[in-house]
Amino acid sequence: MISRVVIPVVLLVSALLAADVFVLPAVTPELKKKAGEYYDNECKGCHRWARKFAAPPMKDNVAQYAQNPEALVQYLMKPEPKHPDQWDPMEIAPMSESDAKTMAAWLLYILEHPDDPGRPK
Ligand code: HEC
């Protein structure tokens, strides 16, 4: 009886692990705090949430990646020129995969929850 449930579940889990499925970390209060601090230190110097500053508005930046969070993580780890006619390429301190995933999870969360008190200015 049990094996009818357990075996398919085990197979599914192993398939998912083998496929190396991309997942972002869950947005917990700890993650919000960590990402918010990182943002204040490493992003805010150039970006404002809803308007142009020394860089395009973060809200628009993140919205481009709403359907493709993996590409956002890739960009943060290895920024490449995106709008060479309008902006210099982004130059930031290199981000680890873990920091990039934390940042992407938080930014996409804030995009969905713009009234969050931790939303950057
Ligand atoms: C030194 C200034 C500077 C800092 C600091 C900075 N950015 Fe940027 N960012 C830019 C510029 C300039 C662009 C536009 C680049 C382009 O179009 O190629 C940009 C673009 C982006 C984009 C949009 C890329 C696209 O596909 O259009 C994202 C997302 C982004 N930044 C996230 C971040 C995050 C997260 C941080 C902090 C870890 C950060 N930026 C820190 C200058 C900065």
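This is a chat about the core, salt bridges and surface patches of a predicted model.

Reader: Okay, where do I start? Which residues touch the most other members of the largest nonpolar core?

Author: Those are Tyr39, Met58, Leu72, Leu76, Met103, Trp106 and Leu107, out of 21 residues in that core.

Reader: And which elements give two or more residues to this core?

Author: Four helices are listed: H2 (29-42), H3, H4 (69-77) and H5 (97-112).

Reader: Which one gives the most?

Author: H5 does, with 8 residues. As background, nonpolar side chains tend to be buried together in soluble globular proteins.

Reader: Cool. New topic: how many salt bridges are there?

Author: The count comes to 5 salt bridges. One of them joins Glu37 and Lys33, with the closest N and O atoms 3.3 Å apart.

Reader: Where do Glu37 and Lys33 lie?

Author: Both are in helix H2, 4 residues apart, about one turn of the helix.

Reader: Are those two buried, partly exposed or exposed?

Author: Glu37 is partly exposed, with a relative accessible area of 42%. Lys33 is at 55%, so that residue counts as exposed.

Reader: What about Lys101, what does that one pair with?

Author: Lys101 forms a salt bridge with Glu97, and their closest N and O atoms are 3.4 Å apart. Both lie in helix H5, again 4 residues apart, about one turn of the helix.

Reader: Is Lys101 buried or exposed, and why?

Author: Lys101 counts as buried because its relative accessibility is 19%, and the cut-off for buried is under 20%. Its partner Glu97 is partly exposed, at 44%.

Reader: Which residue does Lys78 pair with?

Author: Lys78 forms a salt bridge with Glu80, the closest N and O atoms being 3.2 Å apart. Lys78 is exposed at 55% relative accessibility, while Glu80 is partly exposed at 42%.

Reader: Okay, surface now. Which residues form the nonpolar patch there?

Author: Val5, Val6, Val9, Val10 and Val13 do, and together they have about 400 Å² of accessible area. Val6, for one, sits in helix H1 (residues 2-19).

Reader: How exposed is Val6?

Author: Val6 is partly exposed, with a relative accessible area of 40%. That fits the patch rule, because members need over 30%.

Reader: Last one: which residues make up the positive patch?

Author: Lys44, Lys59, Arg119 and Lys121 form that patch on the surface. Among them, Lys59 is found in helix H3 (residues 58-63), and Lys59 is partly exposed, with a relative accessible area of 38%.

Definitions and conventions
Residues numbered from 1 in each chain as written. Predicted model: local features only at pLDDT ≥ 70, side-chain atom pairs only at ≥ 80, totals over all residues. Heavy atoms only, no water. Patch = residues over 30% accessible without salt bridge, like charges linked within 9 Å, V, L, I, M, F, W, Y side chains within 5 Å. Areas by Shrake-Rupley, 256 points an atom, 1.4 Å probe, with all protein chains shown as cover. Salt bridge = Lys/Arg side-chain N within 4 Å of Asp/Glu carboxyl O. Lys, Arg positive; Asp, Glu negative; His and termini not counted. Charge placed at Lys NZ, Arg CZ, Asp CG, Glu CD. Buried < 20%, exposed > 50% of the residue type's maximum accessible area, 1.4 Å probe, protein only. Core = buried A, V, L, I, M, F, W, Y, C linked by side-chain atoms within 4.5 Å.
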